[in-house]
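Hi everyone, thanks for coming along. I'd like to spend a few minutes walking you through one model, so let me put it up on the screen.

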Amino acid sequence: MTKAAKSSPPAWHHVEQHGMFPDHDHDDVARFNFVASMNKYLAQTLGAGNELAYDKRVLPALKKELRRDPRSRHEIREAMNRDPFHSVWSAAKRNTMEQRQQISRSIVLPQADDLKERADALISEARNLELDPDLALPSYIASVDHHCMPGSYHTALIEGDVSAGANYDMGMFATTGGAMGQLTDMAGRAVVDWLKANHPTFAPKRILDIGCTIGHTTLPIAEAFPDAEVIAIDVAAPVLRYAAARAASLGIDNVRFVQADGEDLSRFEAGSFDMVYTSMFLHETSNAALRNVMAEVQRVLAPGGLTLHLEQPSYTEDMPLYEQFIRDWDAHNNNEPFWSRLHDLNILDVMQDSGFSEPELFTARVAAATVLEGPEDHGRGAAWHAYGAQKTASEGE
Amino acid sequence: MGAEQPGTPTAHKKQLAKVNDMSDDLNHLINKNAKGRRPQFLNTKAEEHLMSMTMALMQELAVTRERLDTLERLVAQKGVLDLPEIETYRPDAEAEAERQTAQQKLIATVMRSMEQEIHALSEQETPEVNQQLQAVNDDRAA
Ligand SMILES: C[S@@+](CC[C@H](N)C(=O)[O-])C[C@H]1O[C@@H](n2cnc3c(N)ncnc32)[C@H](O)[C@@H]1O
């Protein structure tokens, strides 16, 4: 039997068709297949060319110009942006991001009304969704559409709109080359695996997910702790509506999706959660918001409770400058305005400023192995850097 | 969030009314810009457009190829073509592998010049190679 070329991502039809998944046709699938293949090609085959161009011509010229080695990823970026190979590579990569948005918008928007109706039938305001139409959108969210997503997470095109959630959900399998699994839930599964390995007796009764979007990461955690009450918050209503409907269609009933701002958790009592986590959330908040969120996390976490924050690795001194530069691409070219500054921060320092004590803090590598249905070995590791803390248990516990 | 802010149902009601009966407006909405500065990667705006068009053409060519592939496989399989079947065709593992490989081949064809730059960067062109080429050409000419 023919094996797919090594560099091929799994075809998009492997994505799981849950009850909220938008209808799509043959050519829609083919478009996603193209974007996924193109992404992989840019990352692997042509990605190597960026480093070659750097080593062979950009770095030597830069050294001559500076009369020293480059000292920051910013110096490298300025020089690389003048390189013809890297410029074309970047332009192509940016286009794949824009194409990915256009593809899913062309599928989702014409059926926005139907999706809303499907969601309405699945959502129960009493049980799994609580919206707050008066919640102010943080200015850092309103001012830029993250990762080239027109309208971002929060734009509602119709009353009760879920199209932002559907749009986000559809493209994920293509942009991650399937590495996050058929339900894009690898991060959640990785957290569960990590907890089982490192805290085998941990049985949280109440869990908080901040910046949950459509609950990709929330659901596997809720599933692993079926007796726990899971509260998943986000500021954006369209993604929350989609999240609640999606969870219901997948039969998960212990999650409540709440429209709230992580900077102000005053609705929750101090010490009322055994576990508070975020996943790929910190890099989409401003530094000021990050500090506010961490202070709230520290406050609502119960003694003995765990907090865990999954991110890409910070740019530490031992990370080579070229790697810092290439990891920073999204910050400058994919509408991720906080990415660069966040990764310059020592998140543990921020947590310490928020009231965690040094012995409570830790970092961890949180990983899951990708398993895809079918005989193909498309397996790719999905791994994150986690910044965490275990709050000291109070006296007598 | 105030009701008149962008991104609220109120601000988009008009847009939706249009969307329901005019496909031009729907296209406009689909192709909306993401808020935020778009970097210029190439020397001119015109080059940016050419790049975007090339990428879109590549995408649509890949889509056409995949559709054709589906068509051919179905025709061969059944002897008869039932058009709605194309929409629900799901490749088996072998067809998936072949199609994903075809995607890679198409991309490599279109992106040839970039790959060639990588080759040029990684290999030092030696005079010896050029001599061989010269010899071949001389043979042909003779
Ligand atoms: C990259 S997404 C997170 C992805 C998600 N956690 C996952 O693992 O699939 C970031 C989300 O954070 C939300 N967000 C940003 N600032 C927020 C805040 N201050 N409070 C709550 N949610 C926020 C955004 O609306 C967006 O949905």
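I'll talk about how two chains meet, then about one pair of helices, and finish with salt bridges. Please keep in mind that what you're looking at is a predicted model.

Let's begin with the interface as a whole. As you may know, the size of an interface is often given as the accessible area lost when the parts come together. Here, chain A and chain B bury about 5800 Å² between them, and carbon and sulfur atoms give 59% of that. In terms of residues, 76 from chain A are in contact with 58 from chain B.

Now for the polar side of things. Between chain A and chain B there are 21 residue pairs in polar contact. Which parts of chain A supply the surface that touches chain B? At least two residues each come from helix 1 (26-43), helix 2 (47-66), helix 4 (84-108) and helix 13 (329-333) of chain A. Helix 4 of chain A gives the most, with 17 residues. Sorted by class, that side of chain A has 37 nonpolar, 24 polar and 15 charged residues.

Let's stay with helix 4 of chain A and look at one partner across the interface. Helix 4 of chain A packs against helix 6 (residues 112-122) of chain B at an angle of about 145°, and their axes are 11 Å apart. The crossing of these two helices is left-handed. If you want to find the contact on screen, look for Pro84(A), Phe85(A), Val88(A) and Trp89(A), which meet Met114(B), Glu117(B) and Ile118(B). The residues of this helix pair's contact come out as 6 nonpolar, no polar and 1 charged.

On to the charges. Side chains of opposite charge can pair when their charged atoms come close. Over all chains, the count comes to 27 salt bridges, and across the interface of chain A and chain B there are 4. A nice one to zoom in on is Arg38(B) with Glu98(A), where the closest N and O atoms are 2.7 Å apart.

For a pair inside chain A, take Arg82(A) and Glu65(A), with their closest N and O atoms 3.6 Å apart. Arg82(A) lies in the loop between helix 3 (73-80) and helix 4 of chain A, while Glu65(A) is in helix 2 of chain A, so this salt bridge ties together parts that are 17 residues apart in sequence.

That's my tour, and I'm happy to take questions.

Notes: Residues numbered from 1 in each chain as written. Chains lettered and ligands numbered in written order. Predicted model: local features only at pLDDT ≥ 70, side-chain atom pairs only at ≥ 80, totals over all residues. Heavy atoms only, no water. Contact = heavy atoms within 4.5 Å. Buried area = accessible area lost by both parts, 1.4 Å probe. Salt bridge = Lys/Arg side-chain N within 4 Å of Asp/Glu carboxyl O. Polar contact = N/O pair within 3.5 Å; in protein donor to acceptor, adjacent residues only side chain to side chain. Helix = DSSP H or I, 4+ residues; strand = E, 2+ residues; numbered from the N terminus. Nonpolar A, V, L, I, M, F, W, Y, C, P; charged D, E, K, R; others polar. Axes fitted to C-alpha atoms, helices over the stretch in contact; angles between N-to-C directions. Left-handed = near helix turned anticlockwise from the far one by under 90°.
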